[in-house]
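Subject: Structure for your files

Dear colleague,

Here is the structure I said I would pass on. My notes on it follow below.

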Amino acid sequence: MAGGKIQKKRHGGGGARLQGGIPFEKSKGQHILRNPALVDSIIAKAGLKPTDTVLEIGPGTGNLTKRLLEAGVKAVVAVELDPRMVLELSRRFQGHPLSSRLKVQELSFVIQGDVLKCDLPYFDICVANIPYQISSPLTFKLLSHRPIFRCAVIMFQREFAMRLVAQPGDTLYCRLSVNVQLLSRVSHLLKVGRNNFRPPPKVDSSVVRIEPRKPLPPVSFKEWDGLVRICFNRKNKTLGSLFKQKRVLELLEKNYKTMQSLQLAQDSGTGEEKMSPYDVALLANMVEDLSMETSDEKEDDDMEMDDADAADGRTSFKEKIMGILQQGDFAEKRSSKLSQVDFLYLLSLFNKAGIHFS
């Protein structure tokens, strides 16, 4: 959904078109934002400063771009996949008094390409009205960007947006919620009805503000996501039940033995391991199951450890895991009710006992 594409209705035959007579492509998420007041609201809530370089993703024909430049920012860096839109944007601002802030120069230019594949330049603020199919990978690509930006104001599909801001106990609280909120503060700004677009998409939208945390929490993201992945496999089951599953115990025991053999168990979990941009960037390749997961709908083919496994000596390891959960009073708790602090504490208990998730 290219951002800021505002178009008055055309009369007569033919398909829907963007400004300049360019037909839009719904396969690329090109729906036209037809309410100028929404553009003004998005800009107002971005908290722009005269010294800001703004990253705009999906500028389309440039109506949002124009408002950003008129807001007096230092520069606008626009990333657009559709070459037709890049040409239209260049034509629109050719000779414009503000065009010096939107041309190929050190801080201000148009990038033609896939935002998920190109290297992003420095920016202070991101403003985006995006194709909803790239919501997860784009969110984590932005959060892995360095240097850390001040905030992003992004239009998402409403259900995705509400998962981003969901809190423990909410129906939509899921692994996506936990991972994004570990890395940033997320707030819901605006609900945008589907009739504000032409043609109307099938779903409503919401504008969300994302502010990266500074500094990042002192935790390995690979470890964190490994724990959260297990916990949200069945978010309404008790942790005691989840960690009795044979598959989970086998994974953790394998990790435990590997760490022991490498003599790293004592050095890990000391609080010295920090989350790196590389850790965060890993999620760009791990988000297929993050977008819409919320419930225990997947068929559960995991089984708890049986007597045969006990004979193989796994009983003591299972007791070790249960002891850790009981130590933190987690055995009867459910992931759907746990906060960021709870998960961080649980991870620290496991790591101190030499149990790792990556």
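Strand S5 (residues 125-129) and strand S6 (residues 151-157) run parallel and are joined by five bridges. Asn-129 has Met-155 in S6 as its bridge partner. Strands here, and helices too, are DSSP runs numbered from the N terminus (strands are E, at least two residues; helices are H or I, at least four). Two strands count as paired if DSSP finds at least two bridges between them.

Please bear in mind that this is a predicted model, in which local features need pLDDT of at least 70 and side-chain atom pairs count only at pLDDT 80 or more, while totals for chains, interfaces and linings use all residues. Residues are numbered from 1 along each chain as its sequence is written, and side-chain values use heavy atoms, with hydrogens and water left out.

The sheet

S5 and S6 belong to an open sheet of seven strands with mixed pairing, in the order S4-S3-S2-S5-S6-S9-S7. Its edges are strand S4 (110-112) and strand S7 (184-192), each of which pairs on one side only. On average, neighbouring strands of this sheet are turned by 20° against each other, direction ignored. Axes are lines fitted to C-alpha atoms, for helices over the stretch in contact, and angles run from 0 to 180 degrees between N-to-C directions.

On the other side of S6, the pairing with S9 is antiparallel over six bridges, and Gln-157 is partnered there by Ser-205 of S9. S9 also pairs with S7 in the antiparallel sense, over eight bridges; one of the partnerships is Ser-187 with Arg-209 of S9. Seven of the eight residues of S9 are buried, so this strand is largely enclosed by the rest of the structure. Buried means under 20% relative accessible area, exposed means over 50%, and partly exposed is in between (1.4 Å probe, protein chains only).

Helices against the sheet

Helix H2 (residues 63-70) lies across strand S2 (53-57), strand S3 (75-80) and S5, and runs at about 170° to S2. Its buried residues are Asn-63, Leu-64, Thr-65, Leu-68 and Leu-69. Their cover includes helix H1 (36-46), S2, S3, helix H3 (83-93) and S5. Contact is taken as heavy atoms within 4.5 Å. After H2 comes Gly-72, with a positive phi near 90°.

Helix H5 (residues 158-165) lies across S6, S7 and strand S9 (205-212), at about 135° to S6.

Phe-221 is in helix H7 (residues 221-231). Phe-221 counts as buried because its relative accessibility is 2%. From Phe-221 to Leu-183 the distance is 9.7 Å, C-alpha to C-alpha, with their positions 38 residues apart in sequence.

The cavity

Where is space left inside? The count comes to one cavity of 30 Å³ or more, and the largest cavity holds about 60 Å³. Twelve residues line the largest cavity, and the closest to its centre are Ile-42, Leu-64, Val-127, Ala-128 and Asn-129. H1, S5 and S6 are the elements that give two or more residues to this lining. A cavity is a set of points on a 1 Å grid over the protein atoms alone where a 1.4 Å probe fits but cannot get out, and lining residues have an atom within 4 Å of a point. Grid points are joined across faces, edges and corners, and the volume is the space filled by probe spheres set on the points.

Backbone points to check

Most residues other than glycine have a negative phi, and most peptide bonds are trans. The bond joining Arg-146 and Pro-147 is cis, with omega about 0°, and Pro-147 is in the loop between helix H4 (135-143) and S6. Another cis bond runs from Lys-214 to Pro-215, with omega near -5°; Pro-215 is in the loop between S9 and H7. Asp-329, which is not a glycine, has a positive phi near 60°. Asp-329 lies in the loop between helix H11 (307-327) and helix H12 (340-352) and counts as exposed, at 55% relative accessibility.

Totals

The protein has twelve helices and nine strands. Of its 358 residues, 52% count as buried. Of the contacts between residues at least 6 apart in sequence, 75% join residues at least 24 apart.

Regards

Methods
On a 1 Å grid over the protein atoms alone, a cavity is a set of points where a 1.4 Å probe fits but cannot get out, and a pocket is an open set with protein on both sides within 12 Å along at least five of seven lines; lining residues have an atom within 4 Å of a point.
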